[in-house]
Every structure is written in structure tokens, then in C-alpha cells.
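Before this model goes into any further calculation, here are my reading notes, set out as numbered points. Please keep the sequence and the coordinates open beside them.

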Amino acid sequence: QVQLAESGGGLVQAGGSLRLSCAAAGRIFSNYIVGWFRQAPGKERELVCRIDWGAGFTDYDAVVKGRFTISKDNAKNMVYLQMNNLKPEDSAVYYCATGPTVTPSSASYWGQGTQVTVSS
């Protein structure tokens, strides 16, 4: 069982930056993937990026590539999402999720989400 808790959301102007944190309680196995998802009102949830907990491989949705960076601190059981050059369309509730697989449509464990609002 893994419990996840996101923090770091807030209101920021377009072009600004935010860093989201995801704290994990319980054991994340080395073969787990950790992903950041987001969901805006009236839109489907989308997978923004993910990281391999053991090897550290990352991948990003094209919409955020070059602006967002996912990273991890295994010793602290933390995953971060650095978001730069934010745009109004990045506004959403951001969730971290983990499990043996993390796909655009599923993950085993989810956090409660943190709101990110980007003003124009």
C-alpha cells in the first residue's frame, strides 16, 4: 500500500514557475513508475510525465516537454514536478500516481491532487 500527498500548487501568472511535490508513504518498489497527471474542468485526465523510480528514466507529454521537469529523491520518498513558463492552459488539478505501471488511463495509487491556476 502506498499513500501519496501532493503539495505546492497555487496561483501564478503566465510565464511563472511552480514546483509541485509528491510525498510517498509506504514502500515504492524499484520497478514502480511515478507519474504526474492533470485534469482541468470539463476535460479528460491526462498524463503529463512519469519517472522510473529505480532507473530514473523519464518521459513527457509533448505539450509540456521542455517546460516541465520531473525528478525524484529516493531517500526522501519524494517526487517533484518543476513547472516553468506556465501557461493558462496548464491550469488544472495535478495528481501524482504510482504503481508497477502508469499509463494515461491508469495507476495503482493516487494522491488527492493539488490545484494549479495560471492567470493570463
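1. In which loop is Asn77 found? Asn77 sits in the loop between β7 and β8, and, although this residue is not a glycine, its phi is positive at about 55°. The model is a predicted one, and the backbone angle should be read with that in mind.

2. A positive phi also occurs at Asn85, a residue other than glycine whose phi is near 50°. Asn85 belongs to the loop between β8 and β9 and is partly exposed, because its relative accessible area of 41% falls between the 20% limit for buried residues and the 50% limit for exposed ones.

3. As to the overall fold, the chain has zero helices and eleven strands, so that, by the definition of strands as DSSP runs, the order along the sequence reads β-β-β-β-β-β-β-β-β-β-β. Among contacts between residues at least 6 apart in sequence, 55% join residues at least 24 apart.

4. On overall dimensions, a compact globule of 120 residues would have a radius of gyration near 14 Å, and the 13 Å of this chain agrees with that expectation. Taken along the principal axes, the box filled by the C-alpha atoms is roughly 40 × 25 × 25 Å.

5. Turning to surface and charge, 42% of the 120 residues count as buried, while the accessible surface comes to about 6000 Å², with 49% of this area belonging to carbon and sulfur atoms. The chain carries 11 positive and 9 negative charges, and the mean positions of the two groups lie 4 Å apart.

6. The largest nonpolar core has 29 residues, of which Trp36, Phe68, Val79, Leu81, Met83 and Tyr94 touch the most other members. At least two residues of this core come from each of β3 (18–25), β4 (33–39), β5 (46–52), β7 (68–73), β8 (78–83), β9 (92–99) and β11 (114–119), and the largest share, four residues, is supplied by β3. In soluble globular proteins, nonpolar side chains tend to be buried together.

7. For Val79, one of the core residues that touch the most other members, the contacts beyond four places in sequence are Leu20, Ser21, Cys22, Val34, Trp36, Ile51, Trp53, Ile70, Ser71 and Lys72. Apart from the largest core lies another one of six residues, which include Ile33, Leu47, Ala97 and Ala107.

8. Leu47, a member of that other core, has its place in strand β5, and it counts as buried because its relative accessibility is 12%, under the 20% limit. Leu47 and Ala97 are 50 residues apart in sequence, yet their C-alpha atoms are 9.8 Å apart in space. Leaving out residues up to four places away in sequence, Leu47 touches Gly35, Trp36, Phe37, Asp61, Val102, Thr103 and Pro104.

9. Which residues does Pro104 contact, leaving aside its neighbours within four places in sequence? They are Phe37, Arg45 and Leu47. Pro104 itself lies in the loop between β9 and β10 (109–110), and it is classed as exposed because its relative accessible area of 53% is over 50%.

10. Pro104 and Thr114 are ten residues apart along the chain, with 18 Å between their C-alpha atoms. Thr114 is placed in strand β11 and counts as buried, at 11% relative accessibility. Not counting residues up to four places away in sequence, Thr114 touches Glu6, Ser7, Gly8, Gly9, Leu20, Ala92, Val93 and Tyr94. The C-alpha atoms of Thr114 and Thr98, 16 residues apart along the chain, are separated by 16 Å.

11. Finally, Tyr95 is found in strand β9. Its C-alpha atom is 8.2 Å from that of Gly35, although the two residues are 60 apart in sequence. Beyond four places in sequence, Tyr95 touches Glu6, Gly35, Trp36, Phe37, Gln39, Trp110, Gly111, Gln112 and Gly113. Gly35, Trp36 and Phe37 are also among the residues that Leu47 touches.

Technical notes: Residues numbered from 1 in each chain as written. Predicted model: local features only at pLDDT ≥ 70, side-chain atom pairs only at ≥ 80, totals over all residues. Heavy atoms only, no water. Rg over C-alpha atoms; globule rule 2.2 N^0.38 Å. Buried < 20%, exposed > 50% of the residue type's maximum accessible area, 1.4 Å probe, protein only. Contact = heavy atoms within 4.5 Å. Areas by Shrake-Rupley, 256 points an atom, 1.4 Å probe, with all protein chains shown as cover. Lys, Arg positive; Asp, Glu negative; His and termini not counted. Charge placed at Lys NZ, Arg CZ, Asp CG, Glu CD. Core = buried A, V, L, I, M, F, W, Y, C linked by side-chain atoms within 4.5 Å.
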